[in-house]
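Please read this report with the sequence and the model side by side. The sections below go from single residues to the chain as a whole.

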Amino acid sequence: MTEKLRPCPFCGGEAKIQLTDSEGNGKSESYLENPYSGVGYVIVHDLSNSGDYCPIATDYDVVQGGNIYASKEAAINAWNRRDCNDIAESRIESTIDIINEEIEVEKKQIKNYRNVIRTHLDRSDGLSEWHNDQISYMNDIVNRKALTITLKEQILNDLKWIMEGLR
Ligand SMILES: [Zn+2]
């Protein structure tokens, strides 16, 4: 069976099969003469053989989906069957987690700024020009962060929509 790997559905780049031991450590073909640590096959589609901005390309030498297949055929079938949708899905999921974390951080920062603004406003001895400058400066930051949160929430919606398409 000499079925070939199809090009990447996202960037058209090529994927490669790499022989490994059963734990995914890369091996050369000569290892097959004495595969003392088991045999496995992984798919590599990294930055060196992908197009620009491929959503599933990994860093150099990182294995697609972290999967180790028992045979070359199993690896080819998995890739050609578009298991890469699963890979894209898991990458999008982790991106969503990161964005959610950033939104939380920004919300906390907004809260802190608002507290400081309130402290300034509560001063009984009146506001100096310096205080007023500080307050408007901090209000700008709060507004900017609020806008950033809105944009990030829109990106989250788009990503969730893309995820639906992959399923
Ligand atoms: Zn690709």
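## A buried threonine

T58 is buried, with a relative accessible area of 6%, where buried stands for under 20% relative accessible area, exposed for over 50% and partly exposed for what lies in between (1.4 Å probe, protein chains only). This residue sits in the loop that runs between β2 (40-44) and α1 (72-80); helices (H or I, at least four residues) and strands (E, at least two) are DSSP runs that are numbered from the N terminus. When residues up to four places away in sequence are left aside, T58 touches H45, D46, L47, V63, Q64 and R91, a contact being a pair of heavy atoms within 4.5 Å.

## How the model is described

This is a predicted model, in which local features need pLDDT of at least 70 and side-chain atom pairs count only at pLDDT 80 or more, while totals for chains, interfaces and linings use all residues. Residues are numbered from 1 along each chain as its sequence is written, and side-chain values use heavy atoms, with hydrogens and water left out.

## The zinc site

The protein donors of the zinc ion are C8 (SG), C11 (SG), H45 (NE2) and C54 (SG), which lie 2.1 to 2.3 Å from the ion. Donors are here N, O and S atoms within 2.8 Å of the metal (3.2 Å for Na, K and Ca), and because water is not among the atoms, sites may look incomplete. Along the chain, the donors follow the spacing C-x2-C-x33-H-x8-C.

The arrangement is tetrahedral because the four donor atoms subtend angles of 105 to 114° around the zinc ion. Four donors count as tetrahedral if all angles lie between 85 and 135 degrees; four count as square planar and six as octahedral if opposite donors are over 155 degrees apart and all others between 65 and 115, and anything else is irregular. Ideal angles at a metal are 109.5 degrees for four tetrahedral donors. Two of the donor residues can also be described by their burial: H45 is buried, with a relative accessible area of 0%, and C54 also counts as buried, at 11% relative accessibility. H45 is, in addition, one of the residues that T58 touches.

## Loop residues

The loop between β2 and α1 also holds S48 and S71. S48 is partly exposed, with a relative accessible area of 48%, and its C-alpha atom is separated by 9.1 Å from that of D61, 13 residues apart along the chain. S71 is partly exposed as well, with a relative accessible area of 24%; S71 and V39 are 32 residues apart in sequence, and 8.0 Å apart in space from C-alpha to C-alpha.

G24 has its place in the loop between β1 (16-20) and β2, and is partly exposed at a relative accessible area of 25%. From C-alpha to C-alpha, G24 and G38 are 9.7 Å apart in space, with their positions 14 residues apart in sequence.

## Helices α2 and α3

Helix α3 (residues 129-166) has 38 residues and reaches 56 Å from its first C-alpha to its last, close to the 56 Å expected at 1.5 Å a residue, where the expected span is 1.5 Å times one less than the number of residues. Its buried residues include H131, I135, M138, K145 and L166. K145, in helix α3, is buried with a relative accessible area of 18%, and touches E106, Q109, I110 and Y113, not counting residues up to four places away in sequence.

H120 is found in helix α2 (residues 84-121) and is buried, with a relative accessible area of 13%. With the same sequence neighbours left out, H120 touches L127, W130, H131, Q134, I135 and M138.

## The chain as a whole

The protein chain has three helices and two strands, which run β-β-α-α-α from the N terminus on. The domain assignment gives domain 1 (16-81) and domain 2 (86-166), with bounds that come from an automatic or database assignment, and the C-alpha centres of the two domains lie 40 Å apart.

The radius of gyration of the protein chain is 25 Å, whereas a compact globule of 167 residues would have one near 15 Å; the radius is taken over C-alpha atoms, and the globule rule is 2.2 Å times the number of residues to the power 0.38. The C-alpha atoms fill a box of roughly 85 × 35 × 25 Å, taken along the principal axes, and buried residues make up 31% of the 167 residues.
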